[in-house]
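Visitor: Got a minute to walk me through this one? I'd like to start with how you decide what counts as a salt bridge.
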Amino acid sequence: MRAVVLVGGFGTRLRPLTFTTPKPMLPVGHRPIIENLVRMLAPAGVDEVVLALGFKPEPFMAAFPDGTCAGVRLHYAVEPEPLDTGGAIRFAAEHAGVDDTFVVVNGDVLTDLDVSALLAFHRRSGAEATLHLTPVDDPSSFGVVDVDESGHVSRFVEKPAPGTAPSNLINAGTYVFEPSVLARIPSGRKVSIERETFPQIVADGRLYAMATDDYWVDTGRPSLYRQANLDMLDGRRRSLVCVAVEPGASVDGSARIEHSLVAKGARVEADAKVVGSVILPGAVVHRGAEVVDSIVMGDIGERAVLRGCVIGASGTVAGGVSVSDALVPDPSAA
Ligand code: GTP
């Protein structure tokens with residue numbers, strides 16, 4: 001069984017982190033998001049993952065030099081230009097010669113979904129495409145479906161205006177497709193699977209969906225990316241948990257690490273305090289600095305105080321200053 005994983009987006013909302021690291025290569029629980037996804041797919045019988053690459057393909061190839069990830073074979077399909085979600089799925093599937101039922105995953109979603117249950121549901125219903133759904137309080141920024149008890153989808157609306165959504169069940173970003181879906185996607189141009197292809201399959205009565213209340217998070221925004229990391233630390237994932245300080249991180253004995261992750265290759269110096277934060281490889285938190293509810297790849301000066309900040313790899317915060325809710329470097333100035 002093959003799976004296409006969409007990993008070629010720009011990750012605009014996670015700037016400045018994604019200036020240097022593509023979103024699916026950012027760690028959650030000390031493992032790149034893509035590796036978390038591969039570990040979800042493997043137990044369902046996925047033995048080859050096709051990476052639908054575009055923006056910054058090199059970090060993926062460098063991270064998995066032998067062409068495998070968590071024991072699963074990788075196939076790299078690099079788009080000549082961004083083709084949007086549908087175009088990317090078609091390009092990648094054709095590049096890898098997919099000609100059987102396959103799985104598709106958005107490269108920024110983390111879930112405890114049992115992918116074999118989604119496959120079994122797909123086969124039982126005879127669907128052409130099956131979506132995983134998850135309930136949310138406000139569905140207006142997602143793809144929302146109208147679905148009956150058998151899982152038959154009668155409507156798919158991408159980002160409905162507030163108050164007009166047909167349900168609170170949203171497209172959770174994991175799909176099972178028959179290869180016939182590929183023929184519905186025009187080649188060589190941008191196609192949104194959500195806006196163009198799903199409504200077509202609905203019109204033919206062949207789109208089904210399975211809702212679960214499994215753990216689910218879309219890591220695409222800084223607050224949710226930080227949350228995904230803390231959830232793993234807090235044991236909120238079904239069978240995954242991580243340590244706070246990864247072996248290979250340098251943390252001075254007098255530093256205080258509270259409810260935070262510190263990655264291998266990061267340094268936290270004497271008397272620094274880190275609370276509710278994610279300290280990524282390459283980050284340096286100098287002596288006496290305080291980092292609260294933040295994500296850090298860059299350099300935090302002595303006795304600086306940070307709250308709710310995102311500091312990219314080239315970001316520096318001068319010693320002694322206090323900063324709140326800032327993105328450094330500022331993506332709007334890029
Ligand atoms: P934002 O720029 O912050 O919206 O993030 P994004 O670029 O990742 O876009 P979005 O979250 O809507 O994309 C959903 C998934 O599709 C992500 O895993 C992206 O990597 C992927 N994706 C989006 N557009 C493309 C594309 O043109 N090509 C490929 N290969 N993947 C894409």
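Guide: Sure. A salt bridge here is a side-chain nitrogen of Lys or Arg within 4 Å of a carboxyl oxygen of Asp or Glu. And keep in mind that this is a predicted model.

Visitor: Okay, so how far apart are the closest N and O atoms of D293 and R226?
Guide: They are 3.5 Å apart, and D293 and R226 form a salt bridge. The 4 Å limit is met, so the pair counts.

Visitor: Back up a bit. How is the protein divided into domains?
Guide: Domain 1 covers 2-230 and domain 2 covers 250-333. Their centres, taken over C-alpha atoms, are separated by 32 Å.

Visitor: And how many residues are in contact between domain 1 and domain 2?
Guide: On the domain 1 side there are 15 residues, touching 22 residues of domain 2. About 1,400 Å² is buried between the two domains, with 80% of it on carbon and sulfur atoms.

Visitor: Which three residues supply the most of what domain 1 buries there?
Guide: P16, R226 and L230. Together they account for 38% of the area that domain 1 buries against domain 2, more than any other three residues.

Visitor: How many salt bridges does the rule find across that interface?
Guide: Just 1 between domain 1 and domain 2. The count of residue pairs in polar contact there, both at pLDDT 80 or more, is also 1. As for who does the touching, helix α7 (residues 222-233) gives the most to the domain 1 side, with 5 residues. By class, that side has 8 nonpolar, 5 polar and 2 charged residues.

Visitor: P16 came up. What kind of peptide bond joins R15 and P16?
Guide: A cis one, with omega at about 10°. P16 sits in the loop between β1 (2-6) and β2 (27-28).

Visitor: And what about the bond between V328 and P329?
Guide: That peptide bond is cis as well, with omega at about -5°. P329 is found in the segment after β29.

Visitor: What is the phi of H259?
Guide: It's positive, about 45°, although H259 is not a glycine. Most residues other than glycine have a negative phi, and most peptide bonds are trans. You'll find H259 in the loop between β16 (256-258) and β17.

Visitor: Switching to sheets. What's the order of the one with β15 in it?
Guide: The order is β15-β18-β21-β24-β27, an open sheet of 5 strands with parallel pairing. At the edges are β15 (250-251) and β27 (316-317), each pairing on one side only.

Visitor: How many bridges join β18 to β21?
Guide: There are 2, between β18 (residues 267-268) and β21 (residues 284-285), and the strands run parallel. In β21, V285 is the bridge partner of V268.

Visitor: And the sheet with β17, what order does that one have?
Guide: β17-β20-β23-β26-β29, an open sheet of 5 strands, with parallel pairing.

Visitor: Why do β17 and β29 each have one side left without a neighbour in the sheet?
Guide: Because β17 (261-262) and β29 (327-328) stand at the edges, each with a single partner strand. Further in, 2 bridges join β20 (residues 278-279) to β23 (residues 295-296), which run parallel. V278 has I295 as its bridge partner in β23.

Visitor: One last thing. How many salt bridges does the rule count in total?
Guide: The count comes to 19. One of them pairs D108 with K23, at 2.8 Å from N to O. That pair links distant parts of the chain, 85 residues apart: D108 is in the loop between β7 (102-106) and β8 (109-111), while K23 is in the loop between β1 and β2.

Methods. Residues are numbered from 1 along each chain as its sequence is written. This is a predicted model: local features need pLDDT of at least 70, side-chain atom pairs count only at pLDDT 80 or more; totals for chains, interfaces and linings use all residues. Side-chain values use heavy atoms; hydrogens and water are left out. Domain bounds come from an automatic or database domain assignment. Contact means heavy atoms within 4.5 Å. Buried area is the accessible area (1.4 Å probe) that two parts lose on being put together, summed over both. A polar contact is a pair of N or O atoms within 3.5 Å; within protein, one must be able to donate a hydrogen and the other to accept it, and residues adjacent in sequence count only if both atoms are side-chain atoms. Helices (H or I, at least four residues) and strands (E, at least two) are DSSP runs, numbered from the N terminus. Ala, Val, Leu, Ile, Met, Phe, Trp, Tyr, Cys and Pro count as nonpolar, Asp, Glu, Lys and Arg as charged, and the others, Gly among them, as polar. Two strands pair if DSSP finds at least two bridges between them.
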